[in-house]
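Work through the exercises below with the sequence and the model open beside you. Try each task before reading its solution.

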Amino acid sequence: MTNYSYTLFIPLIPLAMFLLIGLTGHKFKPIVSGYAGTLGLTVAAFLSYITAIRYFFIEGAVDGTYPMIKAVSTVWLRFTDTLHIDLGVLIDPISVMMLVVITTVSLMVHLYSLGYMKGERGFARFYAFLSLFSFSMLGLVLATNIFQMYIFWELVGVSSFLLIGFYYEKPSAVAASKKAFIVTRFADLGFLIGILMLSFTTDTFDFKTLTSLDGPIITSTAGASFMGLSVITWSLIFIFIGGAGKSAMFPLHIWLPDAMEGPTPVSALIHAATMVVAGVYLVARLFPAYAIAAPDALHVVGYVGGFTSLFAAVIAITQIDIKRVLAFSTMSQIGYMMMSLGVSGYGDHEGLGYMASMFHLFTHAMFKALLFLGAGAIIHAVHSNNMTDMGGLRKYMPITHITFLIACLTIAGIPPLSGFWSKDEILAAALHHNPILFGIGFGVAGLTAFYMFRLYYNIFWGTDRHYHHTPHEAPAIMTFPLLFLAVASVFSGFLPFSHMVTSDGKPFEAHTDMLVAIPSVVIALIGITFATIMYKKPSTIPDRLAGSIKGLYKASLNKFWFDEIYLFVTKRVIFAYISRPIAWFDRHVVDATMNLVGWTVTTASNKIKGLQSGQLQQYAMVFVSSVVILVLLFVYLISK
Amino acid sequence: MTFQDILLMRHELLLSVLMLLILIIDLMLKGESRKSLIPVSLTLFLGVVIIGFLPASEGSIFGGMYKTNGTTLLMKNILNIATLIVFLQSAAWLKKEENNQKLAEFFILILSTLIGMNLMISSGDFLMFYIGLETATIPLAALAAYTHHQTKSAEAGIKLILSSALSSGILLYGISMIYGTTGSVYFTEVAAKWSNEPLNIMAFIFFFSGMAFKISLVPFHLWTADVYEGAPVNVTSYLSVVSKGSAAFVLMTVLYTVFPAMVEHWQTVLYVIAVLTMTIGNLFALRQKNMKRFLAFSSIAQAGFILLGIIGASQLGMTTTIFFVLTYVFTNLAAFGVVSAISNETGKENMDDYNGLYQTNPKLSLLLMLALFSLAGIPPVAGFFGKFFLFASAASQSFYWLVFIAVVNATISLYYYLLPVKAIFINKNENPIPSFKSDVYTRTGLIIAALGTLLIGLLSISYEYIASLSYGLQ
Amino acid sequence: MMTEGIPLEYFLIVSTLMFFIGIFGFLTRKNLITMLMSIELILNSVNINFVAFNSYLYPHQMQGQFYSLIIIAVAAAEAAVAIAIIINIYRNFRSIETDKVDEMKY
Amino acid sequence: MNNQVMFFLLSAIILIFSVLTVTTRRVLRAAVYLLFVLVATAGIYFQLQYNFLAAVQLTVYAGGIVVLIIFSILLTSHISERAPRASAAKAALSALATVAGAILVLLTVLQFNFTPARLEKVEPTVTNVGRALVSYKEYGYALPFEAISILLLAAMIGAIVVAKKESNQEKQK
């Protein structure tokens with residue numbers, strides 16, 4: 001077996017950079033910190049690539065299986081006689097894949113930010129936080145046990161809190177960062193309880209033991225049950241709640257759209273490629289446990305994922321802020337991945353959904369980072385986030401335009417771009433296992449194509465707006481990452497994922513199912529077509545249509561009658577009665593629930609303040625009555 | 001009784017000697033030279049702390065009234081370190097002109113309460129326990145009322161002494177019934193003769209209420225915030241860390257050694273009280289504007305978490321409780337250290353005064369943030385490990401609902417722990433607290449607290465050492 | 001025996017009543033010094049308990065008696081500090097009514 | 001018979017004057033009533049043949065603490081001053097809590113079956129008390145005796161710190 005112990009340095013280098021920049025950054029010119037951080041990440045990325053090549057191609061599968069290797073492992077703390085907490089580095093297909101994803105995207109973001117954040121106050125601080133974030137995220141994916149993962153999980157929360165709140169002079173950014181922190185931590189309490197339940201039922205924290213087929217979790221499914229489900233199932237559901245929080249699954253997604261207050265490169269890193277997929281990764285990490293010991297929990301994962309993907313796609317249609325469109329799109333795509341895990345079985349071809357999910361995670365990371373970075377370039381050029389302030393940008397920003405288009409086509413699932421391949425596998429898996437979820441996935445594919453091209457046309461086509469100064473292409477340091485990611489988006493679909501990342505580590509052959517592929521391409525094309533009709537030209541059709549029934553009558557006479565009826569349906573009916581209400585619901589009900597919690601707590605706090613009246617005798621009164629009540633309670637009422 | 005036996009009382013003897021020594025030195029010093037008492041006392045106390053760590057034998061003397069073993073030594077050493085940090089952080093305050101006349105008294109009173117706590121920890125019967133308890137409380141009331149010219153200080157003093165007198169009255173009534181039903185006040189004999197008659201349970205509840213008062217568990221906590229706010233800030237930090245920590249230790253030891261026969265009963269009592277304490281503490285912490293008051297309610301909520309360890313009634317429970325108190329000591333002293341440094345320098349104690357602190361005092365700001373993150377239980381600082389282990393210990397005994405409530409509370413607490421962070425880093429302020437440099441004592445105290453906060457969780461040796469000394473129900 | 005014909009329970013009834021009279025006083029008296037006196041009543045009632053138990057049930061040792069002795073000593077210490085603080089309160093507030101001592105609340 | 005009369009007399013004094021202590025509106029009278037209670041308690045100790053304890057009760061409690069209290073009353077109040085009454089609501093609530101508590105506790109105490117230990121009695125003579133006080137064996141009280149001295153010393157210092165007049169230097173501030 002090969003020695004992978006050097007992989008320890010992959011997370012440690014960003015940590016060193018964080019400490020270095022954090023402690024000495026103010027002594028140098030800001031740009032030095034930027035270079036240092038980027039250099040550190042380059043090395044980390046290089047090591048990750050080497051690892052990936054060695055793991056997948058040089059070593060390859062041993063006895064037909066990709067092994068799970070503990071490259072480094074030390075017992076850090078003996079918690080009880082049997083339960084100990086280790087620290088280490090775990091190498092297996094998904095962790096290696098995640099290494100590549102994280103270091104690549106992070107490196108691109110580092111490079112891009114050299115241009116994007118230039119001249120910002122706190123440039124060095126920004127790079128310190130980026131390094132901290134990269135460290136936490138790498139630590140998370142390399143964790144050998146669930147406790148270690150939890151530590152890094154929380155660290156990811158802290159560093160994203162720092163990054164989202166980077167513009168701390170902006171009150172909205174501060175509010176958003178706080179919201180993200182508290183909402184995800186609220187979800188983490190599920191994770192924590194899940195860990196505690198799981199570890200005390202199985203007497204281990206270790207992933208390798210937890211997921212091995214003859215390990216305690218899978219062999220001892222019996223145990224006590226609560227409300228018809230076993231403790232293991234409950235614990236895995238709780239753990240999924242943690243994942244759902246980080247991965248912005250409904251209804252814990254409320255932090256994600258607001259988190260767009262952070263600098264755009266941060267959105268690309270955190271909200272496209274890394275932190276938000278942590279939940280998917282978590283479920284994938286424990287996948288054998290879900291699939292074999294707790295299928296009920298896995299169903300929950302599937303349905304939550306499917307619902308979220310539809311819900312978010314519908315909302316994305318109505319958004320004006322381009323970053324919010326991308327945020328909802330991310331939610332939707334991650335819902336896809338969760339759904340895919342939910343419909344997967346274990347082992348061999350049964351595990352198609354698992355493979356597809358990981359595949360989509362990989363391709364999505366590339367094209368979504370590209371979309372965010374492109375959006376950043378655009379925002380940089382026009383100084384606004386709203387698509388109403390944009391239009392006709394294709395002339396001014398050719399590189400951004402082309403790369404953005406590629407990304408849109410990729411996410412829409414047009415062959416042979418990478419998104420097509422991974423989405424196709426997801427739909428195939430869904431069709432095989434759960435027709436309802438397949439239906440949802442299929443619909444979402446069309447919606448995705450539609451809203452992405454709505455976005456695309458609104459930005460790059462349509463009329464020129466009156467810009468304060470002529471928009472111009474971003475500097476090379478910013479366009480290089482765009483080009484790199486565009487290339488990755490195009491070609492990453494050709495990676496033989498089913499030979500590399502599978503549910504049981506054994507490669508299998510995945511075929512393109514024409515029954516799925518053709519309809520999904522067709523619906524994507526339909527979505528793109530409608531977007532083209534509605535948004536490519538500065539057309540007044542939708543508005544005219546929206547005007548009155550009279551307009552509809554006139555319009556139906558002319559030759560576009562079909563399109564116009566469709567447009568009527570979409571704009572007047574679907575938008576007005578479905579998308580907008582759902583968006584409204586999201587903002588005013590789901591979001592408000594969280595505010596309601598806050599309000600309740602504050603009100604309760606106000607109500608009981610009288611208890612603390614400052615009157616000594618009142619305190620004594622409470623003391624004495626409490627004693628009396630306790631005696632009454634425990635001596636006479638609850639007698640054992 | 002041999003000399004060896006006497007040496008078992010090393011901690012108490014050294015502290016008593018030190019106390020008398022300071023009294024004598026004080027008599028010899030006049031006027032300005034009084035200030036030299038600070039370094040002298042600190043050095044001597046440092047010596048005591050170090051000697052406390054030397055290996056010692058176990059044993060019991062005075063017919064079982066006093067017993068010592070690895071666990072009690074560990075507890076005493078934790079309290080010693082905490083007191084040392086408090087002393088270091090108090091130096092700046094003691095140097096002020098107004099305290100010149102009563103400098104030695106501060107040391108003497110604190111040391112006497114420390115002796116009381118040590119005696120309480122080592123006590124083998126309810127009599128020594130009671131003496132320890134009172135010795136640990138009565139001088140504290142005098143300390144709370146230490147500042148003459150502030151009405152709040154006097155108010156804190158009277159509230160502390162009268163409430164504690166009432167609570168110890170109730171506690172004593174409980175002990176008298178324990179004596180009446182079991183025929184002894186020796187722990188071992190009480191444990192042997194214990195039966196779960198109504199009168200026994202009632203006696204226990206009276207006794208427990210008195211202890212709950214010391215740890216400020218809801219609903220016996222009402223004195224806490226007022227006393228914390230009114231007392232001089234260094235006394236407050238002593239109260240919230242050392243006094244509370246020692247009481248938690250003792251409650252745990254007594255529950256495990258004296259009342260194992262009624263474990264189910266006291267687990268139910270603790271369950272109810274823990275839920276109340278965490279929730280009420282949090283609800284009140286949300287609305288506080290004064291930093292000392294804020295930390296007071298925060299420490300009430302933290303006390304609720306301590307119960308999660310104690311309730312386990314197992315070796316794991318004891319380990320995690322001691323470990324949590326250890327992390328709590330450093331974390332809370334880091335927080336109080338910053339508050340006290342600012343209070344001593346500028347007299348400001350309100351959260352609004354902290355607005356924009358980061359601009360002028362970045363180091364203090366970062367330290368306070370670290371401490372608050374630790375209190376909120378965010379990794380990788382010590383508080384996270386402390387809390388996680390407590391939860392794990394409660395979960396290992398299948399108290400899942402309790403853990404759930406605790407985790408919800410920990411999440412709510414994050415909200416208010418971020419309030420001062422927001423004030424420091426984000427809120428605008430025309431005149432922030434000016435930049436200042438603390439004296440060497442304060443800085444040392446802060447550094448020790450900061451290192452502890454950062455490292456205690458990461459160095460697994462501390463946990464494993466505690467685990468090796470812990471025991472479950474006797 | 002000087003206690004012939006007096007069951008133990010009588011002592012306990014007296015002491016318990018005294019205990020709660022003390023508590024009542026603590027809860028209702030406005031003057032801080034009377035509150036302190038109420039505390040003395042409480043402690044005194046506990047002492048009666050200890051002594052009665054010792055004498056009736058466990059005369060083979062003197063635990064109850066010594067407990068009472070110690071309580072008396074502690075009460076003295078407590079009273080001394082409390083009175084010192086009360087005098088200090090009087091200097092600061094010009095009053096020793098407990099209602100007035102409520103600068104800090106909520 | 002005499003015993004019973006004696007006991008009931010003492011009990012009556014204790015209870016009546018306890019009630020008076022906590023209800024009278026004149027602070028100084030309350031202190032005097034408290035003194036009666038403490039003396040009657042000493043009487044009960046005599047009856048139980050705890051002479052040493054009774055003596056301590058009279059000297060420390062009655063002689064020491066009550067005198068301290070009376071001094072402090074004289075320092076802080078006028079003799080003619082009448083303490084204000086507690087509000088009716090507060091008094092009612094307190095009465096409710098205390099009566100409920102008393103009934104609950106009495107019920108619990110009285111239903112317990114106290115069984116005396118049948119062992120040889122140690123007479124609480126001054127000799128025996130003195131011997132136990134310096135003994136460091138089991139049922140010896142040398143350690144509490146020492147420990148309480150620390151408490152007394154600390155309390156004394158504490159009381160002085162709190163009560164002593166501020167120096168002129170401080171007052172100028």
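**Exercise 1. Describe the interface of chain C and chain D, beginning with its polar contacts.**

Solution. Across the interface of chain C and chain D there are 9 residue pairs in polar contact, with both residues at pLDDT 80 or more; a polar contact is a pair of N or O atoms within 3.5 Å, where within protein one must be able to donate a hydrogen and the other to accept it, and residues adjacent in sequence count only if both atoms are side-chain atoms. On the side of chain C that touches chain D, the elements that give two or more residues are helix 1 (8-28), helix 2 (32-56) and helix 3 (63-93) of chain C, and helix 3 of chain C gives the most, with 22 residues. Here helices (H or I, at least four residues) and strands (E, at least two) are DSSP runs, numbered from the N terminus.

Before going further, note that this is a predicted model, in which local features need pLDDT of at least 70, side-chain atom pairs count only at pLDDT 80 or more, and totals for chains, interfaces and linings use all residues. Residues are numbered from 1 along each chain as its sequence is written, chains are lettered from A and ligands numbered from 1 in the order in which they are written, and side-chain values use heavy atoms, with hydrogens and water left out.

Next, take the extent of the interface: 74 residues of chain C and 82 residues of chain D take part in the contact, where contact means heavy atoms within 4.5 Å. The area buried between chain C and chain D is about 7,000 Å², and carbon and sulfur atoms give 77% of it; buried area is the accessible area (1.4 Å probe) that two parts lose on being put together, summed over both. Finally, the count of salt bridges between chain C and chain D is 0, a salt bridge being a side-chain nitrogen of Lys or Arg within 4 Å of a carboxyl oxygen of Asp or Glu.

**Exercise 2. Carry out the same steps for chain C and chain A.**

Solution. The contact takes 15 residues from chain C and 11 residues from chain A. The area buried between chain C and chain A is about 1,000 Å², with 62% given by carbon and sulfur atoms. There are 0 salt bridges between chain C and chain A, and 2 residue pairs are in polar contact across the interface, both residues being at pLDDT 80 or more. Helix 1 of chain C provides the largest share of the side of chain C that touches chain A, namely 5 residues.

**Exercise 3. What is the span of helix 4 of chain B, and does its length agree or disagree with the expected value?**

Solution. The expected span of a helix is 1.5 Å times one less than its number of residues, so the 25 residues of helix 4 (residues 70-94) of chain B should span 36 Å, and the 35 Å between its end C-alpha atoms agrees with this. Along the way, helix 4 of chain B has a kink of about 25°, centred on B:L88, where the bend at a residue is the angle between axes fitted to the seven residues ending there and the seven starting there. At the start of helix 4 of chain B, the backbone nitrogen of B:T71 has a side-chain oxygen of B:N69 within 3.0 Å. Because 23 of its 25 residues are buried, helix 4 of chain B is largely enclosed by the rest of the structure; buried means under 20% relative accessible area, exposed over 50%, and partly exposed in between (1.4 Å probe, protein chains only).

**Exercise 4. Locate the unusual backbone geometry at A:A248, B:S398 and B:P219.**

Solution. Most residues other than glycine have a negative phi, and most peptide bonds are trans. A:A248, although not a glycine, has a positive phi of about 55°; A:A248 sits in the loop between helix 9 (231-246) and helix 10 (255-258) of chain A and is buried, with a relative accessible area of 0%. B:S398 is likewise not a glycine and has a positive phi of about 65°, but B:S398 is exposed, at 51% relative accessible area, in the loop between helix 17 (382-396) and helix 18 (400-425) of chain B. The peptide bond that joins B:V218 and B:P219 is cis, with omega about 0°, and B:P219 belongs to the loop between helix 9 (198-215) and helix 10 (223-230) of chain B.
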